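Work through the exercises below with the sequence and the coordinates at hand. Each task is followed by a solution in steps.

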Amino acid sequence: MNPRVLPEARDRLATFNDARASIVDQVVGRVVDAHIELAAQGQDDSLEYVLNEVAFSEIRRLEKSSGRENKKRLGRWHELAHKLGHMSEADKREELTSIVRYHAQDIAGNFNPKVYRFANDILPPALSFLLNPISGLREGVQALGAMAESIRIDGPLDTINKCCEKGTLVLTPTHSSNLDSIVLGFAMNRSGLPPVTYGAGKNLFSNAFMSFFMENLGAYRVDRRMRFSLYKEVLKEYSTILLERGFHSLFFPGGTRSRSNLVEKRLKLGLLGTTATAMVNSLQKDSASRRIFIVPVTINYRLVLEAETLITDYLADTGKSRYIIEDDEFSRLGRIVDFARKTLAHEGAAIVKFGTPLDPFGNEVDENGDSRDGQGQIVDPASYLQNREGQVCADTQRDSVYTRMLGRKLASVYRRDTVFLETHLVARAAMELAHRRSGISDVLRLMRLSETALALPSQELAEVVDALRKVIVANPDAGSLEESLLSKPADEIIQEAIRFMSKYHTKRALYQVGEHVRIGSMKLLYYYRNRSGHLNFKWEG
């Protein structure tokens, strides 16, 4: 199928703008009606309680901010907090509706088919020219296909495309970089998969270049500064309605980029849980409704654009609290271009591996779109949502259990589908050898060691690389090696890793001095080492 064609039966995102207003109205109606019903039942979630939580949360946030506009907003929330106790129920409903509508409209995305076609037809050649680290025009023209070589694609694409014909896809990739959306979008287009709607941190829209494409290619805004429950309800309801209407979606279950570069294990299940909710709502309307298929994806980079900022933030005392990073390498266009020209231009710079599709309960789905349990038997996904009378019904507690099951399945698939490249392999081997030769087993203590204090013998490092390769091959559930690394001599792998890790970052992670390899940046070495952190390996010498 031509990936540039947007047939409505296969992809509904082309019709999104026509449906946007009604989607917002539906979100507002559902969220407001749910709270009015709870208030009528005399439960703790009264309208006053909900509005007070919003006001208190926003006051606390804005008091830490500066600027005239923020002060104006702060006054608005102080005013609401003061008058809440004197408001009538009708006034509270009106205030609730106003807040919900504001956030629903702010969240809701946009899709422009013309921009989509432009992105498909013009950007890949332009990016290929940009990413090629050469200066000649003729060589540049010859490099127009560089993106296809730079970003390798793997996985059961025929099965995924068949599932796309039968239902709604929810892609759930790992998250290492703010470039993930670009890389994955290219991979999806090359694989004949339709465009998806996806949540992007509102801070990313501050980059004018990226903002133009995100605002026109289905991205919806997620404001992570909003801590009150009502905002999360609006966001989840928006996602639920998109799935009910058949809009293919993308969630990053890790929530934010992996600061440590460890493969995500503790997933954020909020939006993921909307798959079960959407399925219940759809089946209650029509027992023959379209299926929902979850597609796990691992995005494996040889180098990560924001590695230095991310690992520094992870190791810093403030790392846990600084959830939104606005001043990293992605915020500077020059650094993106430099990174692209020096790293993404090389063959196999990133590997996008699509996994076997799953249903919302963690069962794998075959090429016919049938769910199969752990014993390989076909199961009806609707049966998971039925009560004792065989009727599909809503059950929040039950569905939260299913979502946790799905989360555990995704975490295990992420580990299995991780692809290790030269930088991951050599960084792990070098860290293991550093532990062994220094006699320091604690990572943080080793990080404080002078980087010039360790000289790793090249021959012994090659032995560790060979041992590590054998462990990876023997443990397929923990990932796999990039194919060329299976037979390439260890010393060549080491030299390639040193070369790549010296290309872009401000510090060299490793460098060669005679017969020894020295550590230039223990933090960067630790970052790339962590990609195999879930693998049980220790060098005993």
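The exercises go from the whole chain to single strands, a sheet and a helix pair.

The model is predicted, so local features need pLDDT of at least 70, side-chain atom pairs count only at pLDDT 80 or more, and totals for chains, interfaces and linings use all residues. Residues are numbered from 1 along each chain as its sequence is written, and side-chain values use heavy atoms, with hydrogens and water left out.

**Exercise 1.** Describe the protein chain as a whole by its elements, burial and contacts.

Solution. Step one: the protein chain holds 21 helices and 15 strands. Helices (H or I, at least four residues) and strands (E, at least two) are DSSP runs, numbered from the N terminus. Step two: of the 541 residues in the protein chain, 54% are buried. Buried means under 20% relative accessible area, exposed over 50%, and partly exposed in between, with a 1.4 Å probe and protein chains only. Step three: take the contacts between residues at least 6 apart in sequence; 75% of them join residues at least 24 apart. Contact means heavy atoms within 4.5 Å.

**Exercise 2.** Determine how strand S7 is enclosed and which strands pair with S7.

Solution. Step one: strand S7 covers residues 350–354, and 5 of the 5 are buried, so S7 is largely enclosed by the rest of the structure. Step two: split S7 by face. Ala-350, Val-352 and Phe-354 are buried on one side, Ile-351 and Lys-353 on the other. Step three: list the partners, where two strands pair if DSSP finds at least two bridges between them. Strand S1 (residues 151–154) pairs with S7 in the parallel sense over 4 bridges, and Ile-151 stands opposite Ala-350. Strand S6 (residues 291–301) runs antiparallel to S7, joined by 5 bridges; here Tyr-301 stands opposite Ala-350.

**Exercise 3.** Repeat the analysis for strand S3.

Solution. Step one: 4 of the 5 residues of S3 (residues 197–201) are buried, so S3 is largely enclosed by the rest of the structure. Step two: S3 pairs in the parallel sense with strand S4 (residues 219–222) over 4 bridges, with Ala-200 opposite Arg-221. Step three: S3 also pairs in the parallel sense with strand S5 (residues 249–250), over 2 bridges, and Thr-197 stands opposite Ser-249.

**Exercise 4.** Give the strand order of the sheet that contains S12, and find its edges and a helix packed on it.

Solution. Step one: the sheet is open, has 3 strands in the order S12-S15-S14, and pairs antiparallel. Step two: strands S12 (455–457) and S14 (510–513) each have a single partner strand, so one side of each is left without a neighbour in the sheet. Step three: the twist averages 35° from one strand to the next. Angles run from 0 to 180 degrees between N-to-C directions, and axes are lines fitted to C-alpha atoms, for helices over the stretch in contact. Step four: S14 and strand S15 (residues 516–519) are joined by 4 bridges and run antiparallel. Step five: helix H17 (residues 422–438) touches S12, S14 and S15, and its direction makes about 110° with that of S12.

**Exercise 5.** Characterise the packing of helix H2 on helix H3.

Solution. Step one: the axes of H2 (residues 47–62) and H3 (residues 68–83) come within 9 Å and cross at roughly 150°. Step two: that makes H2 roughly antiparallel to H3, since angles under 35 degrees count as roughly parallel, over 145 as roughly antiparallel, 65 to 115 as roughly perpendicular and the rest as oblique. Step three: residues that meet include Leu-51 and Val-54 in H2, and Leu-74 and Trp-77 in H3.
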